[in-house]
Amino acid sequence: MSKYLGMFVDDDIKNFTSIRRLLALKDIDLLPYQDLPIDINEIYRNALNHNVDFIIIDYDLGKQPVKYTGIDVLKNIREQDAEIYIIYLTNKDFVQDHIGDFDQTIKKKDFAKEVDNVVKRLVRALSRDLSLKNEREIENSYELQKKYLDDRIAILKKQLKSEE
């Protein structure tokens with residue numbers, strides 16, 4: 001079983017196959033999106049349903065009959081989730097729109113030679129996110145325990161008063 005699971009939003013299965021092979025060597029699995037949905041909201045719902053750790057989004061989705069680009073997918077996901085890790089994949093030399101909304105940007109042609117750096121940044125970010133999530137869960141657990149104990153103390157105090 002792979003350590004991390006990602007989803008690949010692209011219109012070309014050849015891109016998916018090559019990138020999936022590279023990531024598999026790093027113990028990372030990737031789910032394809034072979035037939036992009038007409039409803040852009042379905043992409044994020046699918047990511048939630050599969051409990052993915054990150055998403056790779058290609059800018060150009062023109063080989064499929066959809067009316068949105070990778071930037072539109074990014075905007076849609078960021079409106080619903082500001083924390084999921086997103087890697088932007090492109091063939092463009094210079095990208096200015098929404099570049100700050102992606103956690104990483106990489107040119108398709110450079111992915112194979114940059115895979116180690118991509119994975120290092122991805123793993124570092126996902127590990128940090130997991131650590132923060134664990135801290136929040138511990139804090140919530142302490143708060144629940146404190147509430148339970150406070151409630152028990154209140155009940156015991158009432159019982160003591162009624163016995164007097």
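**Entry 1: Phe8 and its partner.** I started at Phe8 and looked across to strand 3, where Ile56 stands opposite. I keep in mind that this is a predicted model. Phe8 made me curious about the strands themselves, so to speak: how do strand 1 and strand 3 pair? Strand 1 covers residues 4-9, and I found that it pairs with strand 3 in the parallel sense, over four bridges.

**Entry 2: the other neighbour.** Next I followed Ile56 into strand 4, where its bridge partner is Ile87. Strand 4 spans residues 85-90 and pairs with strand 3 over five bridges, in the parallel sense. I also traced the route between these two strands: with helix 3 (residues 70-80), strand 3 and strand 4 make a right-handed β-α-β unit.

**Entry 3: is strand 3 buried or exposed?** I went through residues 54-58 and noted that five of the five are buried, which leaves the strand mostly covered. A reminder to myself: side chains in a regular strand alternate between the two faces of the sheet. I then checked each side of strand 3. Phe54, Ile56 and Asp58 are buried on one side, and Ile55 and Ile57 are buried on the other, which leaves both faces covered.

**Entry 4: out to the surface.** Which residues form a nonpolar patch on the surface? I found Tyr148, Leu149 and Ile153, with about 320 Å² of accessible area together. I placed Ile153 in helix 4, which runs over residues 111-163. Ile153 counts as partly exposed because its relative accessibility is 43%, and partly exposed means between the 20% and 50% cut-offs.

Definitions and conventions:
Residues numbered from 1 in each chain as written. Predicted model: local features only at pLDDT ≥ 70, side-chain atom pairs only at ≥ 80, totals over all residues. Heavy atoms only, no water. Buried < 20%, exposed > 50% of the residue type's maximum accessible area, 1.4 Å probe, protein only. Pairing = 2+ DSSP bridges. Right-handed = clockwise from strand over helix to strand, strands pointing away. Patch = residues over 30% accessible without salt bridge, like charges linked within 9 Å, V, L, I, M, F, W, Y side chains within 5 Å. Areas by Shrake-Rupley, 256 points an atom, 1.4 Å probe, with all protein chains shown as cover. Salt bridge = Lys/Arg side-chain N within 4 Å of Asp/Glu carboxyl O.
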